[in-house]
Amino acid sequence: MPMTEQATGAHHPQPRPRNGGHQSATVEHVTGAKSLIRSLEEVGAEVVFGIPGGAILPAYDPMMDSTRVRHVLVRHEQGAGHAATGYAQATGKVGVCMATSGPGATNLVTPIADAHMDSVPLVAITGQVSSKAIGTDAFQEADIVGITMPITKHNFLVTKAEDIPRTIAEAFHIASTGRPGPVLVDIAKDALQAQTTFSWPPGTDLPGYRPVTKPHAKQIREAAKLIVAAKRPVLYVGGGVLKAGATAELKVLAELTGAPVTTTLMALGAFPDSHPLHVGMPGMHGAVTAVTALQKSDLLIALGTRFDDRVTGKLDSFAPFAKVIHADIDPAEIGKNREVDVPIVGDAREVIADLVQAVQAEYSEGHKGDYTAWWKDLNRWRETYPLGYDEPNDGTLSP
């Protein structure tokens, strides 16, 4: 990919912070590029996966000098995005990928969409042609902000060097809070080259962004009432439980109620497969017991899951006898695919912890569900349809 490019464009102003925040004692006089790397250091980024190219090149000198941020050179920008997603999934931190303008940025589209679908905290930083050249179809120019709008949680175009620290702080905050997701930061080359001052922390200004984490107490009480009244409940657990770090709380709730647990593909590992309450993964690639349990249940306790078509199949014939408790941090997911009896908006960890207390309160009043007949059925299905495969006699692999 050629390194030369035409400089120069239309101005897209960023909103100025209103609430200031306290400034750090030392103000550094640096380039916008150095300000970008200092911002990444301050937000705790450890690794950046990327490929250099003309528009992003100014960021590479200060990154090479950084002792806190390591760069991993990949063979293709798509690999940078997927590596950053894998890093985020494995560590729980925000993954960071970097690419140049035009083809470098467009090569990030697939991993950004992947992170969006799987709710993975990702910050993608792209170089852009100089601000005066934006909108002129300049060499290696692409409107990556417009292109990625449907597949990011939020995105930014930065044309002023002084906006870089605030934008990076906001990007990491948005990516990692509420329902996690990808955020794109597109920075014009002249903003990276300009002289500016760096101080931390910057003021942030996100007036419309207030994720609800604490669930409504009345909804929790209603959910607990349904749980103790049910005869065939199932804990239908999604990736939100892992994202919220709620695995310990889930185990407490499952063992307290004695309800079977099924974990989706995104939730594998949220509950031990070896636990007697675990009936497997649901859906078209799942275990017979898990699929049958959902179909025959009279109550779905859906936690951090989105009723994906790989799990439900034909929606109007999915779990036809079940009432639904649906807890999710993203209110847009609740009732999107399946009508809900008790909607709960909140962080899975807080929701499950509150549910444990509410169920205990029901027990202390003498209300407790009896799932003996239910477990008789579940165990029969488990014995009849165990997971397994045939070992080929000729030593070939069994896929």
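Start with the whole chain shown as a surface: its accessible area comes to about 18,300 Å², and 54% of that belongs to carbon and sulfur atoms (areas are from the Shrake-Rupley method with a 1.4 Å probe; for residues, only the protein chains shown count as cover). This is a predicted model, in which local features need pLDDT of at least 70, side-chain atom pairs count only at pLDDT 80 or more, and totals for chains, interfaces and linings use all residues. Residues are numbered from 1 along each chain as its sequence is written, and side-chain values use heavy atoms, leaving out hydrogens and water.

Next, colour by pLDDT (the predictor's confidence in each residue, from 0 to 100). The chain mean is 92, and 94% of residues reach 70 or more. Select residues 1-24: here pLDDT is below 50, yet the stretch has 69 contacts in the model beyond near neighbours in sequence (contact means heavy atoms within 4.5 Å).

Switch to cartoon to see 15 helices and 14 strands (DSSP runs numbered from the N terminus; helices are H or I with at least four residues, strands E with at least two).

Now pick out the open sheet, six parallel-paired strands in the order S11-S10-S9-S12-S13-S14 (pairing takes at least two DSSP bridges). S11 (278-280) and S14 (342-345) are at the edges with a single partner strand each, so one side of each has no neighbour in the sheet.

Zoom in on S9 (residues 233-237) and S12 (residues 299-303), which run parallel and are joined by five bridges. Select Val234 there: its bridge partner in S12 is Leu300.
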